[in-house]
Amino acid sequence: MMSSGTVQCDAPTPIHLLGKVLVNFIVLMGDVAIFTVRMLRWLLRGWPQGNVLWPVFYQIGVQSVPVILVTGGFIGMVLAVQAYEQFALMHMENQLGTVVNVTLLKELGPVLAAVMLAGRVGSAMAAQLGTMRVTEQIDALTALGANPVSYLVVPRFLACVMLIPLLTLVADGVGVLSGWWFSSQVLGINSFYYWKYSRSFVSSYDLWSGIVKSLFFGAAISILACHRGFHSRAGAEGVGQAATEAFVFSFIAILAIDFLLGFLMMELFQILLPKPGLGG
Amino acid sequence: MQQASGDILELRGVSRRFGSQAIVRDVNLTVEAGKTLVIIGESGCGKSVTLKLLMNLIRPSSGQVNWWGRPVASLTEEQQVQQRLRFGYLFQMAALFDSLTIYENVAFSLRQDRTRNQREIDDIVHARLREVGLDSRVVGGKKPAELSGGMRKRVGLARALAMDPEVMLYDEPTTGLDPIMSDVINELILNTQQRSQMTSIVVTHDMHTVRKVANRVVMFYPLARLGPDEPQIIFDGTAEEAFETCDSRVSQFVRGEAGDRLLELAAA
């Protein structure tokens with residue numbers, strides 16, 4: 001529709017919608033960045049009191065152990081099942097431990113443990129803080145002389161950053177054992193060769209790269225979950241949406257961090273331990 | 001504009017928007033020391049937002065909030081935390097921390113302050129709960145979910161009073177309570193005010209509360225029903241004046257008369 005030389009748009013075009021999504025994403029990123037800086041400022045001012053910190057550590061650490069045991073256990077067995085057929089075709093069954101353990105320590109252990117914790121811990125944190133927001137408990141904290149970021153976010157950040165790597169180690173350990181058990185007891189692979197090839201190809205670098213990733217996963221899960229909880233809309237629907245967004249955003253962040261750190265660590269590995277013949 | 005010597009809180013040209021919707025527009029309000037100011041008005045007219053603006057729990061979109069003559073915006077975050085300990089705030093639904101016990105709720109600000117030992121904290125918590133008619137030995141170990149609405153409100157009041165605040169803010173203190181419990185809360189507000197000459201600001205719909213506790217009444221009006229240049233505070237006077245005014249908007253509210261509002265709602 002033309003009028004006085006200008007184009008009037010009654011309905012938003014796909015370009016409008018794309019622009020809106022992009023602007024909303026940039027605003028969200030900026031908001032999360034400011035939230036993170038505020039949290040880090042309070043973290044630098046002082047360690048939270050024990051009576052605030054220990055219950056959060058218990059909720060995030062101890063109560064996540066069963067989920068992590070189950071996750072780790074199945075990852076190891078699934079990897080063995082999936083890789084066995086391919087290795088059997090090449091008559092390399094005895095080297096199954098290599099692929100199971102490298103994949104587990106470097107990639108699937110940290111990522112799947114973080115995804116499970118984003119579901120269990122991240123959603124619970126967002127729902128808890130969202131409920132506190134809509135029932136004015138966060139305002140009450142401010143009114144009673146506490147800073148909500150210092151009181152609620154800093155302990156959760158510390159718990160996630162310190163405990164998610166430990167939980168990842170547990171998942172790795174259980175996964176390594178379950179992968180070996182399934183390979184040796186069900187698939188009939190000789191344990192001696194299973195461990196021999198694992199020792200030859202799995203380095204401590206694989207383990208540490210997984211743990212470093214899990215540090216960043218923990219930070220991302222805690223910050224995104226707390227941010228969504230703090231910005232929850234009113235009502236059961238608002239709190240539910242905050243919990244869902246906490247998981248979805250954390251999941252996307254885990255994949256993005258995994259890719260970026262994986263790439264950086266590969267470059268770092270090439271610099272620290274260059275392999276002859278690679279890259280000219 | 002010269003500030004009166006007894007004014008301890010002030011909103012100067014304060015507006016607050018949520019998204020595109022203005023809730024509070026260009027409000028000027030001063031709160032006098034030692035008096036009880038009651039804010040009345042229809043639901044959604046910005047009373048509770050004004051209370052939160054006074055305590056800087058939400059920041060104004062424009063305008064200035066002053067505490068004891070000093071702009072709040074000029075205070076650092078730590079200074080604001082310290083200054084807030086001079087306030088007590090009773091939230092509409094009490095806003096007790098549901099993961100903490102009643103004892104821990106009342107002791108919360110005392111522990112945050114870190115200037116008292118455990119024995120002093122114990123004494124204050126027991127005394128404050130006793131003042132609101134609760135026995136700390138009976139309710140102290142319970143969680144908020146185990147108490148009735150009236151008991152939660154009284155615990156909220158005990159928690160707000162724990163630090164001996166200079167200013168008490170009450171957000172709809174009698175909403176959702178039976179008439180007897182409402183009067184208990186009104187008596188507690190009155191006793192607190194009379195005992196320590198505390199400054200109180202009460203947001204309420206309850207005209208019984210207005211008659212009982214108010215030294216001064218201001219009435220807010222919803223912006224949707226006002227012209228662009230009309231002030232949002234349409235009444236400022238005593239409780240008696242509120243009941244006798246010839247302004248139909250005020251008299252309709254204080255008498256609780258629907259008038260032609262049902263027709264308006266149907267037309268909307």
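Among contacts in chain A between residues at least 6 apart in sequence, 88% link residues at least 24 apart. That figure, like everything here, comes from a predicted model.

Let's stay with chain A for a moment. Chain A has 9 helices and 2 strands. Reading from the N terminus, you meet the elements in the order β-β-α-α-α-α-α-α-α-α-α. Chain A is 280 residues long, and 43% of those residues count as buried. Its C-alpha atoms fill a box of roughly 75 × 60 × 35 Å along the principal axes.

Now for a pair of helices in that chain. Helix 8 (residues 204–230) of chain A packs on helix 9 (residues 235–272) of chain A at an angle of about 150°, and their axes are 8 Å apart. Angles over 145 degrees count as roughly antiparallel, so helix 8 of chain A is roughly antiparallel to helix 9 of chain A. The crossing of helix 8 of chain A and helix 9 of chain A is right-handed.

Which residues meet there? On the helix 8 side of chain A they include A:Tyr205, A:Phe216, A:Phe217 and A:Leu224. From helix 9 of chain A come, among them, A:Phe249, A:Ile254, A:Leu261 and A:Met265. Sorted by class, the contact of helix 8 of chain A with helix 9 of chain A has 17 nonpolar, 3 polar and 4 charged residues.

Over to chain B, and to how it meets its partner. The contact takes 11 residues from chain A and 16 residues from chain B. On the chain B side, helix 2 (77–84), strand 6 (87–90) and helix 3 (102–113) of chain B each give two or more residues. The largest share, 4 residues, comes from helix 3 of chain B.

Chain B is also assigned domains: domain 1 (7–86 + 165–267) and domain 2 (96–164). The C-alpha centres of domain 1 of chain B and domain 2 of chain B are 26 Å apart. Where they touch, 10 residues of domain 1 of chain B are in contact with 11 residues of domain 2 of chain B. Helix 7 (residues 179–196) of chain B gives the most to the domain 1 side, with 4 residues.

Here is how the classes divide in the three contacts.

| Contact or side | Nonpolar | Polar | Charged |
|---|---|---|---|
| Helix 8 of chain A with helix 9 of chain A | 17 residues | 3 residues | 4 residues |
| Side of chain B that touches chain A | 11 residues | 2 residues | 3 residues |
| Side of domain 1 of chain B that touches domain 2 of chain B | 8 residues | 2 residues | no residues |

How values were computed: Residues are numbered from 1 along each chain as its sequence is written. Chains are lettered from A and ligands numbered from 1 in the order in which they are written. This is a predicted model: local features need pLDDT of at least 70, side-chain atom pairs count only at pLDDT 80 or more; totals for chains, interfaces and linings use all residues. Two residues are in contact if their C-beta atoms, placed from the backbone, lie within 7 Å. Ala, Val, Leu, Ile, Met, Phe, Trp, Tyr, Cys and Pro count as nonpolar, Asp, Glu, Lys and Arg as charged, and the others, Gly among them, as polar. Domain bounds come from an automatic or database domain assignment. A residue is buried if 20 or more other C-beta atoms lie within 10 Å of its own, exposed if 12 or fewer, and partly exposed in between; C-beta atoms are placed from the backbone. Axes are lines fitted to C-alpha atoms, for helices over the stretch in contact, and angles run from 0 to 180 degrees between N-to-C directions. Angles under 35 degrees count as roughly parallel, over 145 as roughly antiparallel, 65 to 115 as roughly perpendicular and the rest as oblique. A crossing is left-handed if the near helix is turned anticlockwise from the far one by less than a right angle, and right-handed if clockwise.
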